[in-house]
Amino acid sequence: MIYPYNDKLPKIAESAFIADYATVTGDVEIGEESSVWFNSTIRGDVAPTIIGRKVNIQDNSVLHQSPNNPLILEDEVTVGHQVILHSCIIRKKALIGMGSIILDQAEIGEGAFIGAGSLVPQGKKIPPNTLAFGRPAKVIRELNEDDIKDMVRISREYAEKAQYYRSIQGK
């Protein structure tokens with residue numbers, strides 16, 4: 001469902017896929033070839049949410065903001081199932097593992113991998129191309145070639161699935 005909030009209506013690229021039962025409301029921008037999967041909620045009713053190109057936001061995720069503190073996801077980000085993102089910045093090609101929580105003013109570096117179930121506290125910065133894991137999340141190591149290949153594979157597969165589901169939506 002797509003809802004306005006006050007005078008703001010989400011801006012969703014024509015090539016994006018918004019699954020049935022996903023909710024997008026208010027000051028939200030979703031870029032080309034991005035996908036928002038089943039039962040996810042993106043509420044732009046406090047501050048803007050800006051989602052880049054080829055981002056996938058998987059099932060049951062929640063995206064929201066604090067006043068004057070936008071939520072920004074750059075291009076080719078993967079957001080796993082049941083993730084909570086709140087007024088943070090996720091840089092290009094990062095992957096946020098299932099069940100993770102990223103809080104206000106945290107910044108996930110380009111190409112970083114946040115392990116499943118992690119909590120990135122308010123204001124924490126995760127460096128580019130690293131694996132961070134835990135509650136609170138701590139950098140474990142630099143990413144290796146296998147990690148990067150797997151992240152690229154996941155992003156590609158979600159982009160392909162999104163186009164498939166988009167092609168059958170409403171039929």
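**How the strands pair**

Tutor: Let's begin with β19 and β20, which pair in the antiparallel sense over 5 bridges. Keep in mind that this is a predicted model.

Student: How do you know that β19 and β20 pair?

Tutor: Two strands pair if DSSP finds at least two bridges between them. β19 and β20 have 5 bridges, so they meet that cut-off. Within this pair, glycine 134 stands opposite alanine 137 in β20.

Student: What joins β19 to β20?

Tutor: A hairpin does, through 2 residues.

Student: Why is strand β19 called largely enclosed?

Tutor: Buried means under 20% relative accessible area. In β19, residues 130-134, 4 of the 5 residues are buried, so the rest of the structure largely encloses this strand.

Student: How do you know that β16 pairs with β19?

Tutor: Strand β16 (residues 113-114) is joined to β19 by 2 bridges, and the cut-off is at least two, so they count as a pair. These strands run parallel. The bridge partner of phenylalanine 113 is leucine 131 in β19.

Student: What makes β7 and β10 a pair?

Tutor: Strand β7 (residues 56-57) and strand β10 (residues 78-79) share 2 bridges and run parallel. At least two bridges are needed, so they pair. Here asparagine 56 has threonine 78 in β10 as its bridge partner.

Student: Which strands make up the open sheet, and in what order?

Tutor: Its 8 strands follow the order β3-β5-β7-β10-β13-β16-β19-β20, with mixed pairing.

Student: What makes β3 and β20 edge strands?

Tutor: β3 (17-18) and β20 (137-142) each pair on one side only.

Technical notes: Residues are numbered from 1 along each chain as its sequence is written. This is a predicted model: local features need pLDDT of at least 70, side-chain atom pairs count only at pLDDT 80 or more; totals for chains, interfaces and linings use all residues. Side-chain values use heavy atoms; hydrogens and water are left out. Helices (H or I, at least four residues) and strands (E, at least two) are DSSP runs, numbered from the N terminus. Buried means under 20% relative accessible area, exposed over 50%, partly exposed in between (1.4 Å probe, protein chains only).
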